[in-house]
Amino acid sequence: FRFLDNRLFATCSDDTTIALWDLRKLNTKVCTLHGHTSWVKNIEYDTNTRLLVTSGFDGNVIIWDTNRCTEDGCPHKKFFHTRFLMRMRLTPDCSKMLISTSSGYLLILHDLDLNKSLEVGSYPILRARRTTSSSDIMSSGSSGPRAVGSPCHQNDSGPLSEKYMSRSSQREGGSPRNSLEVLTPEVPGERDRGNCITSLQLHPKGWATLLRCSSNTDDQEWTCVYEFQEGAPVRPVSPRCSLRLTHCIEEANVGRGYIKELCFSPDGRMISSPHGFGIRLLGFDAHCSELVDCLPKEASPLKEIRSLYSHNDVVLTTKFSPTHCQIASGCLSGRVSLYQPKF
């Protein structure tokens, strides 16, 4: 769900709809929004334009003008489409949109303008590459793995159609509005195999992105942190690469195929990650220092601060309270546990 102001909030559902609610009257919806054709999995809110942004397993990112809502819904339009879409997030300042896919790609729309209508072939594309090599997306052979709870995916050479790639243009130097960068983030041990980016979160201060990745064969899972590197390529002919892997850790890989949602703490110093039948609290160092004070020259392991186990089934989601020293976790059987860890 996502709050739009101090009383109005939106929720999304696997029934393909989005609902608007008012805290003062929770026994009935303000309105129901129809536009997606598959499970809706993410809601974001652009505070600059006051537009609601949603994404689903139909591959669509849709924007909604909630200022013009009626009982029958509100005006909306398709903003972006890509195959195998898993998760979509806006950076805290709403200047970028990140999209992860089950085929291992991470898409970044830079200098975001939600008022600009985008169509296939109209995106200015920045050179795509791995985060540690110069291989281009057109030579990548990653396939789209299965993710339980999502539509069946077929192997594909990338998230964009050949028509799209052939019509897209390069711009040397600066980046225009809604310029698209396509990355295949480095995942430890996965350099020669495809992977699925199942969970995507952003640092609360916009410094980094947090990914949960699984291998095509579901035999490995990793939690990875990537620092944002701002600015255009050093040379116009160099591929742009906005992310650098700074920290990672291998996960338990219990409950293969299920999506595990992880998160940052409100101050960004810790990560809560589903780990088997519990959760792990992870830090950039043993003292839970700020990320900017723990940036290594090469990728370093995340430090395990504390493990918390209370479930009898695989934990699939976890979330920090934004105001209290409290963590929630939810497991496959539907049980939710609350923790107040002491350090």
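Select Phe1. Phenylalanine 1 is exposed, at a relative accessible area of 63%. Here exposed means over 50% relative accessible area, buried means under 20%, and partly exposed lies in between, with a 1.4 Å probe and protein chains only.

This is a predicted model, where local features need pLDDT of at least 70, side-chain atom pairs count only at pLDDT 80 or more, and totals for chains, interfaces and linings use all residues. Residues are numbered from 1 along each chain as its sequence is written, and side-chain values use heavy atoms, with hydrogens and water left out.

**Aromatic rings**

Rings of Phe, Tyr and Trp (its six-membered ring) pair if their centres lie within 6.5 Å; planes under 30 degrees apart are stacked, over 60 edge-to-face, and the rest tilted. That rule gives four aromatic pairs. Add Phe9 to see one of them: phenylalanine 1 and phenylalanine 9 pair edge-to-face, 6.2 Å centre to centre with 75° between the planes. Now add Phe3. Phenylalanine 3 and phenylalanine 9 form a tilted pair, 5.3 Å centre to centre and 45° between the planes. Ring pairs thus join Phe1, Phe3 and Phe9 in a cluster. Check the exposure of the other two rings. Phenylalanine 9 is buried at 12% relative accessible area, while phenylalanine 3 is partly exposed at 39%.

**Lys96 and Phe228**

Select both. The charged end of lysine 96 sits over the ring of phenylalanine 228, 5.7 Å from its centre. The rule asks for NZ of Lys or CZ of Arg within 6 Å of the ring centre and within 35 degrees of the ring normal.

**Asp113**

Go to the loop between strand 11 (106-110) and strand 12 (125-130), where aspartate 113 lies. Strands are DSSP runs (E, at least two residues), numbered from the N terminus. What is the nearest side chain of opposite charge to aspartate 113? It is arginine 177, 4.3 Å away; aspartate 113 is buried yet has no salt bridge. A salt bridge needs a side-chain nitrogen of Lys or Arg within 4 Å of a carboxyl oxygen of Asp or Glu. Show Asn115 too: the aspartate 113 side chain reaches the backbone nitrogen of asparagine 115 at 3.1 Å.

**Ser329**

Last stop: serine 329, in strand 24 (residues 327-331). Serine 329 is buried, with 2% relative accessible area. Its side chain makes a polar contact with the side chain of histidine 311 at 2.8 Å. Another, of 3.1 Å, joins the side chains of serine 329 and tyrosine 339. A polar contact is a pair of N or O atoms within 3.5 Å; within protein, one must be able to donate a hydrogen and the other to accept it, and residues adjacent in sequence count only if both atoms are side-chain atoms.

Notes
Helices (H or I, at least four residues) and strands (E, at least two) are DSSP runs, numbered from the N terminus. Lys and Arg count as positive and Asp and Glu as negative; His and the chain ends are not counted.
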